Amino acid sequence: MSHKSNVMLRNLILLSLIIPMIITCSTKSATLSKDKSTTNDLASNDFGKAAENYKKFCAGCHGEKMQAFVDRKWKYGKSTEEIYKSIAVGITDAGMPAYEAAFSKEEITDLVQFIQKGLENQSLFEGAQKLTSSTVKTNDYTIRLDTMVYGLEIPWGMDFDKAGNMYFVEKKGTFSIRKTDGSIVSITGLPNLKSVGQGGLMEVELHPNFEVNKRIYLGFTKPKDINGTENYTTAVVYGTLVGNKLTDLKEIFEAAEYSTSRHHFGHRLEFDKNGLLFISIGDRGKEKENPQDLTKYPGKIHRMNDDGSIPADNPFVNNPTAVKSIYSYGHRNPQGISIHPETGQIWDSEHGPRGGDEVNICLPGKNFGWPLASYGINYNGTTFTDKTEIEGMLNPEKVWIPSIAPSGTAFVRGDKYPKWKNDLMVGSLRFNYLSRCIIKDNKVVDEELLFKGVGRMRDVQIDKQGFLYIAVENPGAIYKLVPVK
Ligand code: HEC
């Protein structure tokens, strides 16, 4: 490592010592890092420091297990030269950082060999670390995972009507209904959307009065040609379901501005008890420009009426330059939002940078600090701020170190799991489990990890009968969590 990277490494070590100490005081998240079952991959000393470097620098995006990373559809090539190139110069448009400044040539070569060893071993690892039984004991319940849908690619969002029919979307751009009789129908009439990078068809939300008005909202990545180059943003439409078709589409939200960035779209939709629609939008990878600027849409939680008009009491309606739909700001990539069943407050889960994933209570008009204050550090190991809190900005209710890559969330209500009542369920994309954030007096006081190894978890939802559902990727499936006596 160069002198610069030595300093970087020292900062890193310091940070990794200090942060868990801070965190342990308020939450139990630090215990996660001690969980040996999530770490050991190939022997650490086989390829120089490659295993260690992978864990430190790559796992945040590619998963703790290099073995899981190599088990993918390779896009940029598996030869020594191609993997070297991917790591050294990055694939910046897709969100893969360049590492030639952070690592020496030898370190990159070690990483390449480490990854290639993983490719060779792939068959040995197949099936490892998977959930082996569909009945799982938790602290409070024995839960049977009933398969509702199987063989999907990436299911991203789901919702339920009162009769128990399940509405779900896949990233690649399909919208389907699983009827209570088990049949699956696909819905046509979708808006022009694009599955690209971290975006695609990401969310489906039924209107609170769906049984009467048949109105459905979709959140998606919208492409636009600007001077011959495809640009993207996040948009929201609603339509009326007639038969198996969404009709009379009306676009009510477009998170200007368009950009070529293919990551940090957000994005979730949620109605609160008053029928107001919340929309979470990621920073689009432009943390310096977007989250703190009230004239810009990205890096915010927005709130609107069901027809797209702005509620008169939105916090920035009287600010002449602000985007009027902004509800809270300073967010990075919120991929889960849920309304607390009792307080009615909106909670989000957001992807922080490495070591800075958060759960926040998004209060109106408040600043959540990104990127000025954060527990995390850059993916390439450099720090962007040494502040974890700033006067006037709100601190997270929970921080995950290491990052779990939190996705969809749901509060537990109803009577199906009384001991989990009002707890916040958060899916982990990185560690393949469901995190039960135990909440007392509006604070996250503890965490239980459920269904370890079930798969990259994209969403968790609760139906009108009070049953929880989880959506996982590769192979994509949706399971219903049925407590067994
Ligand atoms: C900030 C997130 C992020 C981090 C950190 C990261 N990557 Fe990536 N990486 C990506 C993305 C996104 C892609 C592109 C995936 C795609 O297009 O399918 C990618 C692609 C790659 C590819 C090409 C895979 C292929 O399909 O050909 C390699 C190799 C790779 N990464 C290795 C690494 C290594 C080694 C590290 C750590 C030194 C690392 N990455 C860290 C996000 C990341």
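The largest nonpolar core of this predicted model has 33 residues. Within this core, Phe-451, Leu-468 and Ile-470 have the most contacts. Six strands each supply at least two of the core residues: strand 2 (142–152), strand 3 (155–160), strand 4 (166–170), strand 23 (457–462), strand 24 (468–472) and strand 25 (476–484). A second core, separate from this one, holds 24 residues. Ala-50, Phe-69, Met-96 and Phe-103 are among them. In soluble globular proteins, nonpolar side chains tend to be buried together.

The surroundings of Ile-470 were examined beyond four places in sequence. Its contacts there include Leu-145 and Met-158. Leu-434, Phe-451, Val-454, Met-457, Asp-459 and Val-460 are also touched by Ile-470. Further along the chain, Ile-470 meets Ala-477, Ile-478, Tyr-479 and Leu-481.

Ala-410 belongs to strand 19 (residues 406–411). Its relative accessibility is 3%, so Ala-410 counts as buried, the cut-off being under 20%. Sequence neighbours within four places aside, Ala-410 is in contact with Ser-338, Asp-423, Leu-424 and Met-425. Val-460, Gln-461, Ile-462 and Leu-468 complete the set of its contacts. Leu-468 is also one of the residues with the most contacts inside the largest core. Ala-410 and Gly-336 are separated by 74 residues in sequence, yet their C-alpha atoms lie 8.2 Å apart.

Two cysteines were considered for burial. Cys-362 has a relative accessibility of 2% and therefore counts as buried. Cys-437, at 1% relative accessible area, is buried as well. The disulfide count is 0.

Strand 9 (residues 229–242) is largely enclosed by the rest of the structure, because 10 of its 14 residues are buried. This strand pairs with strand 8 and with strand 10. Strand 8 (residues 215–226) runs antiparallel to strand 9, and 12 bridges join the two. One bridge links Ile-226 to Thr-229 of strand 9. These strands form a hairpin with 2 residues between them. Asn-227, in the turn, has a positive phi of about 50 degrees.

The pairing of strand 9 with strand 10 (residues 245–254) is likewise antiparallel and spans 7 bridges. Here Thr-240 has Thr-247 of strand 10 as its bridge partner. Strand 9 and strand 10 also form a hairpin, with 2 residues between the strands. Gly-243 in this hairpin takes a positive phi near 60 degrees.

Conventions: Residues are numbered from 1 along each chain as its sequence is written. This is a predicted model: local features need pLDDT of at least 70, side-chain atom pairs count only at pLDDT 80 or more; totals for chains, interfaces and linings use all residues. Side-chain values use heavy atoms; hydrogens and water are left out. A nonpolar core is a set of buried Ala, Val, Leu, Ile, Met, Phe, Trp, Tyr and Cys residues joined through side-chain atoms within 4.5 Å. Buried means under 20% relative accessible area, exposed over 50%, partly exposed in between (1.4 Å probe, protein chains only). Helices (H or I, at least four residues) and strands (E, at least two) are DSSP runs, numbered from the N terminus. Contact means heavy atoms within 4.5 Å. A disulfide is a pair of cysteine sulfur atoms within 2.5 Å. Two strands pair if DSSP finds at least two bridges between them.
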